[in-house]
Amino acid sequence: MPETIHDTSAATATDASACAAHMAHQVALMAGRLAGLIERAAPPQGGPLVQGLGFLSAMREAARSHPPDPTGMLPLQRLAEQLTLTPEEIDLIVLAAMADEHEGYASVLRTLNPRGEPQATAGLAAQIWCDGLDRRALLRQTLCTGAAVRHGMLRLISDAPFFERTLTLAEGLWPVLCGIDVYPTSLSGRVVRAVTTGLEVWLESAEATRAIRVLRFADPHVILVVGESETIARHRAVALAAAAGRHAAVFDIAPTAAPGANRLAQLHTLARGAVPVFEIVAADAAAPAPITRLECIAGPVLVCSRRAAIVDTGGSAPVTVLDIQPLGATARERMWRATLPELADQAETLAVRYAVEPAVAADVVADLRARSAVTHEAIDLPSVADAVRARCALPAGAGLRLVRPTATWSQLVLRPDRRMLLLEALNRLLHQRQVLDTWKFLDGRPGARGVRVLLSGPPGTGKTLSAEVMAESLGVDLLTVDISRLVSKWIGETEKHLAQAFDAAERTQAVLLFDEADALFGKRTDVSDAHDRYANLETAYLLSRLERFEGLVILSTNLKHNIDPAFLRRLEFVVELDEPGVAEREALWRCHLPAHAPVASDVSVQELAELYPIVGGLIRNASVAAGFLAAAAGTAIGRQHLVGAVRREYDKSAKAFPGAPAGVSLV
């Protein structure tokens, strides 16, 4: 089954040429009324109005002799129906747009404008329509409180007396009324394609079904779609619009957005027959989403945000909230199978490795096929990993380092029971479909798909290497957090950096590693001053965010006893990495002396393992140092090089060196 992608372009039933012809005809008819006004005023012979009168009359006759016959719904008709515009308001809109239609109209209006501006004024509108005081009062009311003004479609600008104020249209609206699909630069509107493959079950849920029903009607309604990130919420909102048979246009709404920005966006989407999707952009990733005020809701509106967002409509429209949960393993497998049929037999593996939204998966597959068309390379799991890595770029954040893992299980020497615990942790990710989706364990619990592991033990016992091996087994990157750069003395900054770390891991689908975790996950203290209070707040935030994390997070520490018990209760696995025994040390020596390295015949790794009880990190350092010593001497790596390198590791650790074996003399 091919992926389902809904076209959310602004194409309408009526083409641009028909829209332009219709609006030109409307303006020409207005020109005829303006010509009649000038004729009644009896302009002086030879004045500029005489030439203007000739132009207006010619345009009027052309409009009468060649009326357009458009088919389909025109943008102005959509706005008139949705905003309940009166015929007088439509005429005012046409009058305000005359200068944008033709330079000849602009020249005439400049002559008639008391300020010499090429635009119509409220006074000119009064002279055209008003034959008494009652009509002037009605015009004033329309220009002050009418629907076209309330919704920002028609504006009166300048500080002149009321009837000398200039009539203007909303920014960028005239091209849209003429069928030209362009958004004002101030809105940053963009089209986002809707991908629903993998969302079938969610779209059939009771909450989504209600939202789809709302979107199919024209009544004002705000649907607040919230999730762990604005991006996830946006993908789901666009999918909802597509399921309702509506186009969607996405707009960023920042706390610093200009007043009336969302009202202008609604006008542009209404003219296109689309649904506006407002993505709330927060300045601080750790803080709740800002309160968003929506003005003059004229139809259904979708708002995307992180959780804890608040939408203020002033009571003018009801609000429905959809809380987005991540896709289950079954839905992700169906998504990958349909989106990437070339690897249908690997769909379950892809579902485990990459818990992405369908829109991201569709982008990844498009990248893969474009590259394959050029290079003629087959699409396989490594190429999928590269494409996901490229699409899920690491955002900037304090103390974050993305590592592409290369270490494998053959390089990790652990006791069998410790290795089994790491494999069990991976199985918690690999078998979620059966246990969580089919058997319904932890059904509906937040963070149920996350796996939290603590690796503790002395330095050099393989904690970081274990994390890298687990990431490599999953085919994802390792995101390492440098806690020394993450923790800040400024109040609130640490939580901000923590939020960036968790968000980055979810976005990049990476394994999240907190090295030296006891510095951050330490025990809470009694509150004796403000510093203790805020330190405890940091711990509380970390507890909450760790519990909601949906991936694999690994904490490593040399001091397990310093970890807060509240964190230990939330961990699925605690793995103690002890110092290696003789058998493990022998395996480590063999692992760190490459097969291509020239090792002398007098070297016995068993002897080294028995004589020197050191950890894997020191064995690695000694092996590399011995290699350089041998290269400098121009010989094979011998016992003297290795024992000398081991002695240096003892010296660096401030430990007593057990001594050299018989036959080895050290300087």
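**Close-up views of a predicted model**

**View 1. C296 and the cysteines.** C296 is partly exposed, with a relative accessible area of 28%; here buried means under 20% relative accessible area, exposed over 50%, and partly exposed in between (1.4 Å probe, protein chains only). This is a predicted model, in which local features need pLDDT of at least 70 and side-chain atom pairs count only at pLDDT 80 or more, while totals for chains, interfaces and linings use all residues. Residues are numbered from 1 along each chain as its sequence is written, and side-chain values use heavy atoms, with hydrogens and water left out. Why does C296 have no bonded partner? The closest cysteine sulfur, in C144, is 15 Å from the sulfur of C296, which is too far for a bond. The structure holds zero disulfides, a disulfide being a pair of cysteine sulfur atoms within 2.5 Å. C304, in turn, counts as buried, at 0% relative accessibility.

**View 2. W336 in the largest nonpolar core.** A nonpolar core is a set of buried Ala, Val, Leu, Ile, Met, Phe, Trp, Tyr and Cys residues joined through side-chain atoms within 4.5 Å. The largest one has 76 residues, and L240, L302 and W336 touch the most other members. Helix α13 (residues 230-243) gives this core its largest share, seven residues; helices (H or I, at least four residues) and strands (E, at least two) are DSSP runs, numbered from the N terminus. A second, separate core has 74 residues, including A148, L169, A170 and V176. Look around W336 and, leaving aside neighbours within four places in sequence, you will find P341, A347, L350, A351, Y354, V356, A361 and V365 in contact with this residue, where contact means heavy atoms within 4.5 Å.

**View 3. The largest cavity.** On a 1 Å grid over the protein atoms alone, a cavity is a set of points where a 1.4 Å probe fits but cannot get out, and a pocket is an open set with protein on both sides within 12 Å along at least five of seven lines; lining residues have an atom within 4 Å of a point. Grid points are joined across faces, edges and corners, and a volume is the space filled by probe spheres set on the points. There are five cavities of 30 Å³ or more, and the largest has a volume of about 60 Å³. Its lining is made up of Y354, A385, V388, R389, G475, V476, D477, T508 and Q509. Helix α18 (residues 381-391) supplies the largest share, three residues.

**View 4. The second largest pocket and D437.** This pocket holds about 770 Å³ of space. Among its 30 lining residues, Q325, P326, L327, G328 and R449 are the closest to its centre. The elements that give two or more residues to the lining are α11 (200-203), α12 (206-215), β12 (319-323), α15 (329-339) and α20 (432-438). D437 is found in helix α20. Is D437 buried or exposed? D437 is buried, with a relative accessible area of 16%. Beyond its neighbours within four places in sequence, D437 is in contact with G328, A329, T330, Q432 and R449.

**View 5. The buried face of helix α6.** In α6 (residues 103-112), the buried residues are G104, Y105, A106, V108 and L109. Their cover includes α1 (16-41), α2 (48-65), α5 (98-101) and α7 (122-129).
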